[in-house]
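Me: I would like a close look at a single part of this model, the interface between its two chains and the elements behind it. Please give one connected account.

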Amino acid sequence: MRNQFRLNCATALGLAASRLSRTLRLGRGETLYGRVVSAVDPLALEKLSSGRDIVLVSGTNGKTTTTRTLVELVERGTGEKVSTATFGANMVAGITSALAQFPRHRLVVLECDELFLPEMYNRLRPKVIVLLNLSRDQLHRTGEVRKVSERWHDAFQRDDVSFVIDRDDPFLEYSVAKAGHVIRVTFGGRRHPDAATCPQCARLISWATNDYICECGLGSALPEVRASRALRGPARNAVLAVEAARLMGADVPVEYLHELSESAPDRFSIFSFGSQVVRVKLAKNPESWREALIDVTTDFVILSVNARGIDGLDTSWLWDIDYSSLKGKYVVCTGERRLDVAYRISVQGIDVRTSETFGGAVHRLEEWATEKAVSTPEMFAIASYTAYQDEAARHQGVKP
Amino acid sequence: MSGSASRTASKSELTIVRLYHDLLGTYGDAGNTEVLVHRAKARGVAVSVIDINPGEQVPRTAEIYLIGGGEDGPQTAALELLRADGGLTSAAGQGATVFAVCAGFQLIGSSLPASGGELTDGLGLVAAYTRYTSDPRSVGEIVTQMPTQDGSGLILTGFENHQGFTQLGEGVSPLGTVLLGVGNGLPTEDNTVTRPEGVWAGNVFGTYLHGPVLARNPELADIVLSSQLGELAPFDDELAEAFARERRTTLFK
């Protein structure tokens, strides 16, 4: 009873704080809400999660999109409302806030930052964890990929959680090596750029067949689900979401499954500059940039790069990407680290200009188009995290 | 050294060997190769790049060898492969240029911690002794000053991200001295002591600077190239210079 009282005080104070924050236009108030609740009741997370069925979605790329897909699948397939966090809030405060918002919803689907996943695994006691992928990202913060999978491996040792993983990623296979129940999905194998050696025993991995089975046994567990090799990142994640939804008791019709893997949702936004429209893709690390480059179908391209904390302070990763598909296109680089990316692509023989602002970059492309007598250029932009957020903030009503 | 003489004689051709990129290429260090190729081609030099993967023999007669940074396990794997192969040691002995970054820098030295933590012998191309300490990992932008013949010094910038600290042998020169960041050694309270970064011995270069370092410092790329090609024709690459200048002025006002 006393426990509940403390939690009620915590949520009431949190609500007041977040309203104030919104009134003063300091932000959406979600994170502040979570912080106040956790400060007043340090056991808020445990209490708010007790008796509920929780799915956590984690991995380097695709967390937010997959979480949205999963919410939709579970709501459609169970007829129940699902609690979730909006705007990709995936650390302790954001998760607390999401859990407190509709405490009576039994079903909860949350994305979780890779480094917080072990803590959330222990505190929330989730029913299902979906692990999408692990590749290099924010190297200054997370350390190497191997360290993240080592932490997961050490944490995941109970048998009351079901994991859904892409087993083609050896780092995920290693992460769940001691876990009790694992649904393994394979997409026919694909070479992992960061896994030249085995995460479990450090032996060299032979990728001759685009797949791996290490002498130590890693990779030898048979997959439960076999999906098409042709699927790209977002579609692969959708397949994992379907398996997780089924574990949550949702009924997922087969037709829907096909529809999902063919038109997997991805994070694009449309920014307008006068009459000029720019399709913008948020991409934060080499793997997501490679995916985004495949989507460049126009000749007028903007690349926007910052290197603030969340972007990764070290821009070296820009050199891990092959930009040769941009050859012959018109490219303008912007963002605080525009020279890093501009120089990198110039070394690949790509014609490039720079501009201080995103709007300026659009203008430069328009000038370029005029020079080339192209009347209505279609524009596509790839932006790193804060570069995207800054621009999105200028385009009110656009959701990431 | 006869090998060295024959190398500098053939100035219109250059072979660059990129060693174990999949093992040691975690921080965009592959870019160093691309920059060398770009700047050599601009001088009319015919460049070929040979990628060496585990299981393939390391060529003995190339002019420039590059090794990048990576994690402890792959570092140990690469060290064992290079030791068993012997090609890199042999080429370095004949005057080839070796440019090694971070984990690569550590493994061309005399000793370093293996992935299990115990000390192991490095390739011994330079007298550099790396050990681990319990200090936090050195992560962040780094600025150093490299000595130049005219005495003015060359400012280098990069991004460091490493756990080990590296002590150079008596009389062995660093690549530069630290102006910002950590470099080879522990940060000292006493600011009067110069702090070394990297190593430079003959044609062997080692550094903790990522970035990639040769992209952020075109002058250093030219120093590496001229170690094999002799004097280079001028090359005006506005974007390269603007990038290098932006990093220098942002970090070191």
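Reply: The model is predicted, and the account begins with the contact between the chains. On the side of chain A, 27 residues are in contact with 33 residues of chain B. Between them the two chains bury about 2600 Å², of which 59% lies on carbon and sulfur atoms. Within chain A, the residues that lose the most area to chain B are A:Glu144, A:Trp319 and A:Tyr343, and together they make up 25% of what that side buries.

Charged and polar pairs also cross the interface. Four salt bridges are counted between chain A and chain B. In one salt bridge, A:Arg146 is paired with B:Glu71, with the closest N and O atoms 2.8 Å apart. Seven residue pairs are in polar contact across the interface, both residues of each pair being at pLDDT 80 or more. On the side of chain A that touches chain B, the elements giving two or more residues are α7 (139–142), α8 (145–155) and α13 (338–347) of chain A. The greatest contribution comes from α13(A), with seven residues. Sorted by class, this side of chain A has eleven nonpolar, six polar and ten charged residues.

The helix α13(A) merits separate treatment. Nine of its ten residues are buried, so α13(A) is largely enclosed by the rest of the structure. Among the buried residues are A:Tyr343, A:Asp340 and A:Arg344, and A:Tyr343 is also one of the residues of chain A that lose the most area to chain B. The cover over the buried residues of α13(A) comes from both chains: it includes β10, β11 and β12 (352–354) of chain A, together with α2 (30–41), α6 (213–216) and α8 (238–251) of chain B. After α13(A) comes A:Gly349, which has a positive phi, near 80°.

One of the covering elements, β10(A), leads into the sheet. All five residues of this strand, 300–304, are buried, so β10(A) is largely enclosed by the rest of the structure. In a regular strand, side chains alternate between the two faces of the sheet. In β10(A) both faces are covered, with A:Phe300, A:Ile302 and A:Ser304 buried on one side and A:Val301 and A:Leu303 buried on the other. Five bridges join β10(A) to β11(A), residues 330–334, and these strands run parallel; here A:Phe300 has A:Tyr330 as its bridge partner. Five bridges also join β10(A) to β13(A), residues 379–383, again in parallel, and A:Leu303 stands opposite A:Ile382 in that strand.

Definitions and conventions. Residues are numbered from 1 along each chain as its sequence is written. Chains are lettered from A and ligands numbered from 1 in the order in which they are written. This is a predicted model: local features need pLDDT of at least 70, side-chain atom pairs count only at pLDDT 80 or more; totals for chains, interfaces and linings use all residues. Side-chain values use heavy atoms; hydrogens and water are left out. Contact means heavy atoms within 4.5 Å. Buried area is the accessible area (1.4 Å probe) that two parts lose on being put together, summed over both. A salt bridge is a side-chain nitrogen of Lys or Arg within 4 Å of a carboxyl oxygen of Asp or Glu. A polar contact is a pair of N or O atoms within 3.5 Å; within protein, one must be able to donate a hydrogen and the other to accept it, and residues adjacent in sequence count only if both atoms are side-chain atoms. Helices (H or I, at least four residues) and strands (E, at least two) are DSSP runs, numbered from the N terminus. Ala, Val, Leu, Ile, Met, Phe, Trp, Tyr, Cys and Pro count as nonpolar, Asp, Glu, Lys and Arg as charged, and the others, Gly among them, as polar. Buried means under 20% relative accessible area, exposed over 50%, partly exposed in between (1.4 Å probe, protein chains only). Two strands pair if DSSP finds at least two bridges between them.
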